[in-house]
Every structure is written in C-alpha cells, then in structure tokens.
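Got your viewer open? Load the model, switch to cartoon view, and let's walk through it stop by stop.

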Amino acid sequence: MLELADAQSMLEPLFPGLMGVRLLSLDPARVVAEMDVRPDLCTAGDILHGGAYMAFADTLGAVGTFLNLPPGRSTTTTDSSTKFISGARVGTAVRGECVALHRGRTTMVWQTSITNSDGKLCASVTQTQLVLEPKG
C-alpha cells in the first residue's frame, strides 16, 4: 500500500497541495485529512467557500480510490453530491473523514464528512469514482 508521505508528495504539486490538504491517515476503506481555512479559500464572510469543501472531499475520495486501483488503472470523479450544514471560520481548520461505501471493479463510492474545529459537521459529500482502463 502507498505510504502516507508518498501520497502527500503526490498531492503537493497539484491543486490539493495548493489548497493545503494534509493527509493524516490512509487505509483502503478510509482516508482522513485536514485543511486550514485560509482567507483565500473563503467567501466574503470569512467562511470556507462551498467549492473548497467540495474540492477537499473530492481529493479524499480520489485518494481512497487510488489506494484500491489495480496496476495501470486511473480514476476520475463522475458524480458528486454535497450537503452544506454548517460553516468553518477563517483561521481554523477542517477535518475530512472519507469512507468507502462501495469498492467495485468499475466504480467506487465514497462518503466524506467534513467537520470544523469544534467537531461540528459542516458538509457531507457523496461521490462516485470511475475506474479507468489503461490508455493505449
């Protein structure tokens, strides 16, 4: 299985690295990460932007799928549904826990719960990842 430091290194030059996603634990059925709520990720009201929640969750579902891929395969998100429940203020951090609901041969479904620094649920995201065949 992919080591935590190696997975983090893969994210660093990509959009999740730009957002500041920090992986905390990896398992084929569960991925946990955190992200600081910075002003550049917020709305005008100093609350984490909805798109930032979605991108954070999308990253965790993709990482989870990646951990389960057969050699030579890749993945892409085909569907994502987000329920916004509460906010996270600038200067705090959010934590995402992403669990596998389905890990199939052609698709995988993940659910991410994102909580604020008080432990309050901010968003729940369910997404489907397609397992892509090797190119060529």
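The tour starts with the whole chain and then visits a helix, a strand and a loop.

**Stop 1: everything.** Keep in mind that this is a predicted model. Colour by secondary structure and you should find three helices and six strands. Trace the chain from its start and the order reads α-α-β-β-α-β-β-β-β.

Now show just the C-alpha atoms. Along the principal axes they fill a box of roughly 45 × 25 × 25 Å. The radius of gyration is 15 Å, which agrees with the value near 14 Å that a compact globule of 136 residues would have.

Switch on the surface. Its accessible area is about 7,000 Å², and carbon and sulfur atoms account for 55% of that. Of the 136 residues, 38% count as buried. If you like contact maps, look at the pairs at least 6 apart in sequence: 60% of those contacts join residues at least 24 apart.

For the charges, select the 11 positive and 13 negative side chains. The centres of these two sets lie 6 Å apart.

**Stop 2: helix H1.** Select residues 4-11, which make up H1. Which of its residues are buried? Show Ala7, Gln8 and Leu11 as sticks, and there you have them. Those three span an arc of only 100° around the axis, so they sit on the same side of H1. Next, bring up what the buried residues pack against: helix H2 (15-19), strand S1 (22-27) and helix H3 (50-68).

**Stop 3: threonine 112.** Jump to strand S5, residues 107-115, and pick out threonine 112. Is threonine 112 buried or exposed? Its relative accessible area is 0%, so threonine 112 is buried.

What surrounds it? Leaving aside neighbours within four places in sequence, threonine 112 is in contact with the following residues:

- Ala57 and Leu60
- Gly96, Glu97 and Cys98
- Ala123, Ser124 and Val125

Tie this back to the previous stop: Ala57 and Leu60 are among the contacts of threonine 112, and both numbers fall in the 50-68 range of H3.

**Stop 4: proline 70.** Follow H3 out into the loop that leads to strand S3 (74-84), where proline 70 lies. Proline 70 has a relative accessible area of 35%, so this residue counts as partly exposed.

To finish, draw a C-alpha to C-alpha distance from proline 70 to proline 39. The two prolines are 31 residues apart in sequence, and your line should span 39 Å in space.

Note on methods: Residues are numbered from 1 along each chain as its sequence is written. This is a predicted model: local features need pLDDT of at least 70, side-chain atom pairs count only at pLDDT 80 or more; totals for chains, interfaces and linings use all residues. Side-chain values use heavy atoms; hydrogens and water are left out. Helices (H or I, at least four residues) and strands (E, at least two) are DSSP runs, numbered from the N terminus. The radius of gyration is taken over C-alpha atoms; the globule rule is 2.2 Å times the number of residues to the power 0.38. Buried means under 20% relative accessible area, exposed over 50%, partly exposed in between (1.4 Å probe, protein chains only). Contact means heavy atoms within 4.5 Å. Accessible areas come from the Shrake-Rupley method with a 1.4 Å probe; for residues, only the protein chains shown count as cover. Lys and Arg count as positive and Asp and Glu as negative; His and the chain ends are not counted. The place of a charge is taken as NZ of Lys, CZ of Arg, CG of Asp or CD of Glu. The arc is that of the directions from the helix axis to the C-beta atoms.
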